[in-house]
Amino acid sequence: MSVLFEPYRLRELTIPNRVWMPPMCQYSAAPEGPGTGAPGDWHFAHYAARATGGTGLIIVEATAVAPEGRISPYDLGLWNDTQVEAFRRITRFLKTQGTVPAVQLAHAGRKASTERPWRGGAPVGPDAHGWQPVAPSAVPFDEKHPVPDELTVEQIRSVVGQFAEAARRALAAGFEVVEIHGAHGYLINEFLSPHSNRRTDAYGGSYENRIRFALEVVDAVREVWPQDKPLFFRVSATEWLEEGGWTADDTVRLAAELKAHGVDLLDVSTGGNASGVRIPVGPGYQVPFATRVREEAGMPVAAVGLITEPEQAEKILANGEADAVLLGRELLRSPSWARQTARELGGEVHVPDQYHRSV
């Protein structure tokens with residue numbers, strides 16, 4: 001049997017296969033009104049299609065723990081109960097298809113308050129539903145972004161609480177896995193990296209101080225997230241900087257800390273916190289970083305980054321390079337990738353009754 005279609009167990013949860021969907025923002029929520037940040041018809045159709053296609057686990061896009069934590073005014077959130085009820089429609093359907101529903105909890109930090117990508121993605125102000133971003137230090141992402149407000153210690157503690165409250169709501173909404181977003185230049189990543197963290201207090205300077213916020217968020221979420229349900233953490237394993245940034249060595253070291261604090265799996269990506277860097281993009285280009293974590297920290301990992309072909313995905317798992325693969329753009333192009341690949345490699349996935357005549 002194909003390794004891709006073997007079940008995978010974390011804590012008391014069994015995920016039916018190793019073909020997973022990573023968080024990919026849709027920028028399609030209402031920017032104002034009572035439905036702000038709540039998923040709608042687009043989100044339901046988007047996630048439902050990948051579930052009926054056999055995807056084992058779907059991680060819903062970066063979902064903000066507070067209004068000012070959104071990447072754009074059109075992002076999803078889990079800061080109120082209206083959003084919880086809207087998410088239940090999605091999680092209920094995913095479960096009927098045998099898919100495990102997960103959600104990524106996030107705060108965009110200094111990269112918040114931007115326009116949708118297809119409209120340029122530039123920072124927006126109050127006249128376009130925007131707001132003033134916050135960060136560990138008053139250092140902008142690039143020359144186009146505004147200087148963010150530096151968070152006070154009291155505000156940092158408040159954000160930690162917002163992650164915990166969002167995790168409580170995620171449970172009420174029917175999610176089985178929570179992922180904490182610590183990658184791609186958003187708030188937690190900004191604290192981790194000396195490139196963006198210039199603080200001189202207990203949250204900056206040394207490696208131990210820079211990881212403090214991440215561990216506090218993990219502890220707060222783990223405290224409210226049921227012990228029988230897994231907790232993931234997404235990390236940018238490198239910033240692709242020659243010096244002065246977060247490195248792969250730092251990631252391996254952090255993975256061991258996260259494991260000790262109750263994180264069950266590391267979702268390993270790269271980049272996003274430094275502008276203008278050159279990234280050697282190619283098939284599976286981020287997989288070696290995941291493999292290092294798995295081998296050196298002894299922690300389960302999911303690999304992501306231009307994984308598109310069935311044989312490629314199968315080889316990554318068969319060779320012990322990762323425990324699962326996350327297909328992003330390929331699942332946008334081919335919602336039934338898992339079902340099609342199962343036929344090709346000899347695996348089994350859930351097939352909706354309505355499709356049995358065609359498979």
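1. On the naming of elements: helices (H or I, at least four residues) and strands (E, at least two) are DSSP runs, numbered from the N terminus. With that convention, Val281 falls in the loop between β11 (265-269) and α8 (287-296). The structure is a predicted model, and the points below should be read with that in mind.

2. The surroundings of Val281 deserve a comment. Together with Ile279 and Leu306, Val281 makes a nonpolar surface patch of about 230 Å². Val281 has a relative accessibility of 54%, and because exposed means over 50%, the residue counts as exposed.

3. Strand β10 (231-236) presents the opposite situation. Six of its six residues are buried, so β10 is largely enclosed by the rest of the structure. The cover extends to both faces of the strand, with Leu231, Phe233 and Val235 buried on one side and Phe232, Arg234 and Ser236 buried on the other.

4. Which strands pair with β10, and in what sense? On one hand β10 pairs with β9 in the parallel sense, over five bridges; on the other, β10 pairs with β11, again in the parallel sense and over five bridges. Val235 can serve as a reference position in β10, since Gly182 stands opposite Val235 and Val235 in turn stands opposite Val268 in β11.

5. A charged pair accompanies the pairing of β10 with β11. Asp267 forms a salt bridge with Arg234, in which the closest N and O atoms are 3.0 Å apart. The pair links distant parts of the chain, Asp267 being in strand β11 and Arg234 in strand β10, 33 residues apart. Both Asp267 and Arg234 are buried, and Arg234 belongs to the side of β10 that also carries Phe232 and Ser236.

6. The structure holds 18 salt bridges, and Glu176 takes part in two of those described here. In one, the side chains of Lys95 and Glu176 meet at 3.1 Å, N to O; this pair links distant parts of the chain, with Lys95 in helix α2 and Glu176 in the loop between α3 and β9, 81 residues apart. In the other, the side chains of Lys229 and Glu176 meet at 2.5 Å, N to O, and this pair too links distant parts of the chain, with Lys229 in the loop between α6 (212-224) and β10, 53 residues from Glu176.

7. Are the partners of Glu176 buried or exposed, or in between? Lys95 is partly exposed, with a relative accessible area of 38%, whereas both Lys229 and Glu176 are buried. Glu176 itself has a relative accessibility of 17% and therefore counts as buried, the limit for that class being under 20%. Elsewhere, Arg11, Arg222 and Asp264 are linked in a network of salt bridges.

8. A search of the whole structure finds nine aromatic pairs. In one of them, the rings of Phe87 and Phe175 have centres 5.5 Å apart and planes at 65 degrees, so the pair is edge-to-face. The pair links distant parts of the chain, with Phe87 in helix α2 (residues 81-96) and Phe175 in the loop between α3 (153-172) and β9 (177-182), 88 residues apart. Phe87 counts as buried at 0% relative accessibility, and Phe175 is buried as well, with a relative accessible area of 1%. Helix α2 and the loop between α3 and β9 are thus linked by this ring pair and also by the salt bridge of Lys95 with Glu176.

9. A further pair is formed by Tyr207 and Trp246, whose ring centres lie 6.0 Å apart with planes at 15 degrees, so the pair is stacked. Because Tyr207 lies in helix α5 (residues 207-210) and Trp246 in the loop between β10 and α7 (248-260), the pair ties together parts that are 39 residues apart in sequence. Tyr207 is buried, with a relative accessible area of 8%, and Trp246 counts as buried at 2% relative accessibility. Ring pairs also link Tyr8, Trp20 and Phe232 into a cluster, and Phe232 is one of the buried residues of β10.

10. Two contacts between a charge and a ring may be added. The charged end of Arg89 sits over the ring of Phe44, 4.2 Å from its centre, while Lys111 lies over the face of Tyr186, at 4.9 Å from the ring centre.

Definitions and conventions
Residues are numbered from 1 along each chain as its sequence is written. This is a predicted model: local features need pLDDT of at least 70, side-chain atom pairs count only at pLDDT 80 or more; totals for chains, interfaces and linings use all residues. Side-chain values use heavy atoms; hydrogens and water are left out. Rings of Phe, Tyr and Trp (its six-membered ring) pair if their centres lie within 6.5 Å; planes under 30 degrees apart count as stacked, over 60 as edge-to-face and the rest as tilted. Buried means under 20% relative accessible area, exposed over 50%, partly exposed in between (1.4 Å probe, protein chains only). A charge sits over a ring if NZ of Lys or CZ of Arg is within 6 Å of the ring centre and within 35 degrees of the ring normal. Patches are made of residues with over 30% relative accessible area and no salt bridge: like charges are joined within 9 Å, nonpolar side chains (Val, Leu, Ile, Met, Phe, Trp, Tyr) within 5 Å. Accessible areas come from the Shrake-Rupley method with a 1.4 Å probe; for residues, only the protein chains shown count as cover. A salt bridge is a side-chain nitrogen of Lys or Arg within 4 Å of a carboxyl oxygen of Asp or Glu. Two strands pair if DSSP finds at least two bridges between them.
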